[in-house]
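Here's a friendly walk through a structure you may not have met before. Have a look at it first, then read on.

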Number of protein chains: 2
Amino acid sequence: MAKIAVLGYGVVGSGTVELFYKNKDSIIKKAGKDLDIKYILDIREFPGSPYESKFTKNIDDILNDSEVTLVAEVMGGVHPAFDFVKACLEKGKSVVTSNKELVAKKGAELLKTAEANGCNFLFEASTGGAIPIIRPLHQCLAANDITAIAGILNGTTNFILTKMINEQMDFDEALKMAQQLGYAEKDPTADVEGYDACRKICILSSLAFGKHVYPDWVHCEGISKITAEDAQYAENWGGAVKLIGSVKKTADGKILPMVRPAFVCNGNQLSHVSDVFNGIMVYGDAVDQVMFYGRGAGKLPTASAIVADLIDAAKMNGTSISQKWEDSTDNSFIADYKDDVVAFYVRTEGVSKEKVAEVFGEVEYLSRENQPAGELAFIAPEMKEKDFDVKAAALGGKLLGTVRVLDLEG
Amino acid sequence: MAKIAVLGYGVVGSGTVELFYKNKDSIIKKAGKDLDIKYILDIREFPGSPYESKFTKNIDDILNDSEVTLVAEVMGGVHPAFDFVKACLEKGKSVVTSNKELVAKKGAELLKTAEANGCNFLFEASTGGAIPIIRPLHQCLAANDITAIAGILNGTTNFILTKMINEQMDFDEALKMAQQLGYAEKDPTADVEGYDACRKICILSSLAFGKHVYPDWVHCEGISKITAEDAQYAENWGGAVKLIGSVKKTADGKILPMVRPAFVCNGNQLSHVSDVFNGIMVYGDAVDQVMFYGRGAGKLPTASAIVADLIDAAKMNGTSISQKWEDSTDNSFIADYKDDVVAFYVRTEGVSKEKVAEVFGEVEYLSRENQPAGELAFIAPEMKEKDFDVKAAALGGKLLGTVRVLDLEG
């Protein structure tokens, strides 16, 4: 018998409790031992809840109860989640979490704490929601030298971009719709500016390459500057604009993690990942490429990953199966994105084709419906980004927009 | 220290050895113990091979060597693979395999043997090649009530269909090209008639629903009757023809596994899985839908799954982590596909729209370039397949083709 404590009764917390009791019989069968939820920690009251007797506001009830060997942290944020999780691990209680900010900022430390205390810190739910990615990356692709990962890691921005692509909405209109549907928060900054995707690519980078990548070290651009016109040009080019979180090995033995909107060609499966869905492509020397696709957020999808981790932690009681990586004290292993060789899409006003040829040489011109005279859009040749910056500045006229082209096939 | 024996030095066997030595350092690190390949079993000679000293033609060398605790069976076929695998398991040696025929026909028995002998029988490589699907289905989706699985499980037929769709080749021409490229065998029956996909859907069905599904119990249709015209009509309809292996729960508590070509709409990710790639969509009550995509065959992709299973088996030495299912003595839990409610695409010659309306009521007509006068193509309303058969026979004229429409969203 193992007792579970659920920290936080928000969307994911209530989904976890709901899913656990819905499929309890088969969950227990798969765990190979009896399981039950003993505590739900929340500062709020839930009178009339069928789980009323399980609620507590005091973490010590959980910490001091030796029956509780499994903890699901679904509060979000670093404080107080970090203190709670660390204290649980120090008591030898395995913790599973959906908290990407916690894993991205404190993962190395918490993994070390888990190992030192013979328990597990699992976080399948922190990246890609329902999508199995952490364990497949760590376990099923273990024979591979991973060379790159590229993913659509944020459902909110993918919904917005899908509306801009399919229905020619502009960014503000699509964001408003996402907010009305509950996909975007009132303050959408974390999603729209790419911070959420950044945390997730930090987790994937740390796991794939074995050293903690902190969010502050990752160049991160969101989608707020993308226009409906950019989306139209991307379609004409033969692809779609997507917010891509990626990491790749570079020739000098470093890694380059990054979050930015990118033109993704239709030959890449990621271009077909629409609406709130996420997709994560992993590149390895043996598998070539594999993609994982599904709902990246939501009550039951995220609870699915939480409960799967609870089952695993229950089965492995006493054995540490946590994915591990080293902490890192500086970012010298992170490549400078300005040195990366990349092709840019460029949209300009008041620049002649002669000037474009003078600056960039031969380019691929794109067109769109109702393209105004004086507007040019093209794909510039591949070059280091710092060289592109110099050339783009030399174009003159008005630079209406630039978007990188994703250089990973798929 | 654990020693490995590789049974069979064909495409997958040589890939397994190559990949193991290529990434040996990181493989050993992940396994947490020293590993080496001690034997390679093959009836052929490989003079000059760097692994010449490891070859043996005698399975007893492996069975009687207690240093060998891990075996990779990559011979294919049921005989003698079954006898070899069973003997290894009875000696407490864990076996990993890419042999879908073996797992589909003998999986329940071999899983039981492994459990009885405290070792593991793992088969990630048997389905979806490089794609992590067996472990994710069993472990990462463990909290779900799985309701259905649908996949493009055979790369050869998907390549042929892609050529028929994108380049308007006819079946014979596309098959010939696949053979020239080495994607199809000289005798392409197992791929083209769906038997390979059938074995894989048997494995996935057994794993997801807990009872062994034998290939003989599964209705299986291949793609040899699909024409370039059908592919054109599918495109006009807004989708693509794909060979789908699927299984779903039915209302009466049974399951319906099946292999057949199907119209898959463009909203379903499976419609975008092209060339030799595979894609497997899993539907569950919590995750909604998740898809796994990648190379379903090939030397290194399949070796990737074999070596990952070897790492797992090495880590879990002495603990049985095998996925398990019960054997089944009869097929009473398999639903009759003729009772399934399905929409059919129909292509006819010499039938009037009046007659179609009389037989089927309202239908959705499709069109294609150069459609001859007298040819009609339409999507019939959903009904039980046995009722459709009666109506289709009542149409008169000439029935040029029928293809089911996939009823799973995606």
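What follows covers the model, how its two copies sit together, and one helix.

This is a predicted model, where local features need pLDDT of at least 70 and side-chain atom pairs count only at pLDDT 80 or more, while totals for chains, interfaces and linings use all residues. Residues are numbered from 1 along each chain as its sequence is written, chains are lettered from A in the order in which they are written, and side-chain values use heavy atoms, leaving out hydrogens and water.

Here are the scores for the model, with pLDDT being the predictor's confidence in each residue, from 0 to 100.

| Score | Value |
|---|---|
| Average pLDDT, chain A | 96 |
| ipTM | 0.94 |
| pTM | 0.95 |

Now for the pair. A turn of 180° and a shift of 0.0 Å along the axis lay chain A on chain B with an RMSD of 0.0 Å (least squares on the C-alpha atoms of residues with pLDDT of at least 70 in both). The two copies are thus related as by a two-fold rotation axis. Of chain A's residues, Phe292(A) comes closest to that axis, at 2.5 Å (C-alpha).

Next, helix 7 of chain B, residues 155-166 (helices are DSSP runs of H or I, at least four residues, numbered from the N terminus). 11 of its 12 residues are buried, so helix 7 of chain B is largely enclosed by the rest of the structure (buried means under 20% relative accessible area, with a 1.4 Å probe and protein chains only). Among the buried ones are Phe159(B), Ile160(B) and Leu161(B). At the start of this helix, a side-chain oxygen of Asn154(B) reaches to within 3.2 Å of the backbone nitrogen of Thr156(B). After the helix comes Gln168(B), with a positive phi near 50°.

How values were computed: Helix = DSSP H or I, 4+ residues; strand = E, 2+ residues; numbered from the N terminus. Expected span 1.5 Å × (residues − 1). Buried < 20%, exposed > 50% of the residue type's maximum accessible area, 1.4 Å probe, protein only. Polar contact = N/O pair within 3.5 Å; in protein donor to acceptor, adjacent residues only side chain to side chain.
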